[in-house]
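The following exchange examines how structural terms are justified by computed values. Each question asks for the grounds of a description.

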2 protein chains.
Amino acid sequence: MAEIARVETRKGFEALAEQLRNQILDGTITPGQVINEREIVEKSGLSRGSVREAFRELETQGLVSTRRGRNGGRVALQLDGDILRRSLDLFIRGQQAPLSVLAESLQVFAPALAGLAALRRTAEDIAEMSELHARLERATDPGRFVRANIQWHLAVARAGHNPLLAAIYQVIGPDLLTPRVGGFADRDVRTATIRAEGLVLDAIIAGDAPLARRRMEKHIVAYNDRHGLIAD
Amino acid sequence: MAEIARVETRKGFEALAEQLRNQILDGTITPGQVINEREIVEKSGLSRGSVREAFRELETQGLVSTRRGRNGGRVALQLDGDILRRSLDLFIRGQQAPLSVLAESLQVFAPALAGLAALRRTAEDIAEMSELHARLERATDPGRFVRANIQWHLAVARAGHNPLLAAIYQVIGPDLLTPRVGGFADRDVRTATIRAEGLVLDAIIAGDAPLARRRMEKHIVAYNDRHGLIAD
DNA sequence: AGCGACAAAATGTTCAATCATTAAATATTA
DNA sequence: TAATATTTAATGATTGAACATTTTGTCGCT
């Protein structure tokens with residue numbers, strides 16, 4: 001007998017979701033464009049419920065948002081890192097990954113991004129990182145310090161001009177780590193952090209990628225050690 | 001006048017989705033457990049349409065799958081890397097990131113994972129990586145070679161025993177890169193690859209993390225250079 | 001010009017019914 | 001008896017119609 005491939009019956013809403021997804025991703029539907037639900041109902045021949053399920057999927061994937069009321073509708077979005085962030089967050093929660101996994105990942109990303117930043121930083125990047133570092137020096141209470149510190153790390157990531165690494169870093173980065181360890185209450189820790197990150201920043205400004213990488217790595221390793229984040 | 005905070009009206013399906021999501025993530029609903037749609041309709045007091053939209057969201061997030069027919073239902077899943085993969089894939093398509101971004105990211109991940117593998121590889125890991133490397137040596141046609149090569153890289157990633165890095169690597173790794181460049185048609189390229197990866201594997205087996213890292217980095221840089229993947 | 005009432009247009013929600021698919025139980029037949 | 005066909009039951013998939021809510025536009029009055 002001839003080979004028979006498994007026959008897949010696609011569900012209606014799924015087929016519609018894929019059509020719309022492709023049109024959004026290839027630019028046939030441009031970001032900001034409003035899609036009328038009932039119009040899609042007519043064109044697709046599906047019921048409203050099915051069309052709504054298709055849009056629910058797209059919304060969960062971060063491809064559209066919804067505005068109610070007159071002039072409302074499904075609005076096509078420019079994909080940003082937010083949805084990636086949610087997925088990674090779910091993944092981490094779902095795996096019940098220990099803190100050491102995140103700390104270790106940070107140890108991989110941070111130096112790499114510092115190195116890239118040294119190669120690619122623009123004048124604006126330098127201004128932004130410097131301003132944030134200055135804010136770090138001015139910060140008196142731990143809360144403000146932590147927020148400024150996160151901002152500085154993200155600025156370094158942006159200065160690397162690699163959207164993929166930056167997006168991932170934004171998720172697993174200090175933003176996930178810092179709230180869990182609560183450190184920085186100690187003034188000496190803050191002073192050491194300011195000094196270490198100042199050195200990293202100098203290397204980035206000087207355009208010395210290997211140095212920036214080494215300094216960032218040393219800084220992160222010290223941070224992880226101080227908080228006992230890496231087991232082995 | 002007293003301060004009035006913005007009143008948010010949560011949509012019904014969204015509230016339900018969050019309830020179910022939390023129960024799945026915290027283990028109240030265990031993986032494999034079947035959830036009956038009509039039962040949730042009763043308990044939640046929502047209509048079927050709303051309940052279905054909630055489940056559609058969870059399914060898109062990879063938290064449940066659906067089985068139709070008798071004894072069917074919504075089945076809670078153990079979160080794996082698949083959904084993360086889809087998100088990253090969407091992100092990359094949405095950003096229209098050039099190939100160089102992926103190649104550069106690979107250059108960050110691969111050496112880090114090789115280093116971790118050298119520290120953590122178990123006997124099973126070593127057996128698996130060695131078997132896959134042997135398959136690489138036996139592969140005659142390019143297609144088989146590429147598939148075996150991807151498998152080897154993923155085995156190295158698993159041997160690093162960091163689920164987060166492994167999951168990300170699985171997405172942006174050779175699996176995304178190789179199909180786009182189509183290399184390996186040349187026999188010399190295959191031979192060089194086998195030799196380079198053999199050296200990496202030796203270092204991993206020897207437990208020499210810095211050496212494994214250096215060798216993997218050299219290998220990936222050479223690969224990217226050969227295909228002109230990194231611009232600057 | 002500005003305020004207010006109303007209308008219009010869109011998504012959100014509900015309800016009831018039916019269709020389609022699957023698995024189990026039962027009947028049929030070689 | 002064992003394989004096969006049929007029926008039954010459970011469950012998601014789909015539909016259609018109505019009503020609710022939210023937002024925006026419009027008209028009219030002062």
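The questions below concern a predicted model.

Q: Why is the relation between chain A and chain B that of a two-fold axis?
A: Chain A is laid on chain B by a turn of 180 degrees with a shift of 0.0 Å along the axis, and the RMSD is 0.1 Å. That is therefore the relation of a two-fold axis. The same surface serves both copies, since 100% of the contact residues of chain A recur in chain B.

Q: What span should helix H10 of chain B have, and what agrees with it?
A: At 1.5 Å a residue, the 20 residues of H10(B), residues 187-206, should span 28 Å; the end C-alpha atoms are 29 Å apart, which agrees.

Q: Why are the buried residues of H10(B) placed on the same side of the helix?
A: A residue counts as buried if 20 or more other C-beta atoms lie within 10 Å of its own. Those of H10(B) include B:Arg190, B:Glu197, B:Val200 and B:Ile204. They cover an arc of only 160 degrees around the axis, and therefore lie on the same side of H10(B). On the other side, exposed residues include B:Arg187, B:Asp188 and B:Arg195.

Q: What makes E2(B) and E3(B) of chain B paired strands, and in which sense do they run?
A: Pairing requires at least two bridges; four join E2(B), residues 64-67, to E3(B), and the strands run antiparallel. One of the bridges has B:Thr66 with B:Arg74 as its partner. The two strands form a hairpin with five residues between them, and B:Gly69 in the turn has a positive phi of about 85 degrees.

Key: Residues are numbered from 1 along each chain as its sequence is written. Chains are lettered from A and ligands numbered from 1 in the order in which they are written. This is a predicted model: local features need pLDDT of at least 70, side-chain atom pairs count only at pLDDT 80 or more; totals for chains, interfaces and linings use all residues. Copies are superposed by least squares on the C-alpha atoms of residues with pLDDT of at least 70 in both. Two residues are in contact if their C-beta atoms, placed from the backbone, lie within 7 Å. The expected span of a helix is 1.5 Å times one less than its number of residues. A residue is buried if 20 or more other C-beta atoms lie within 10 Å of its own, exposed if 12 or fewer, and partly exposed in between; C-beta atoms are placed from the backbone. The arc is that of the directions from the helix axis to the C-beta atoms.
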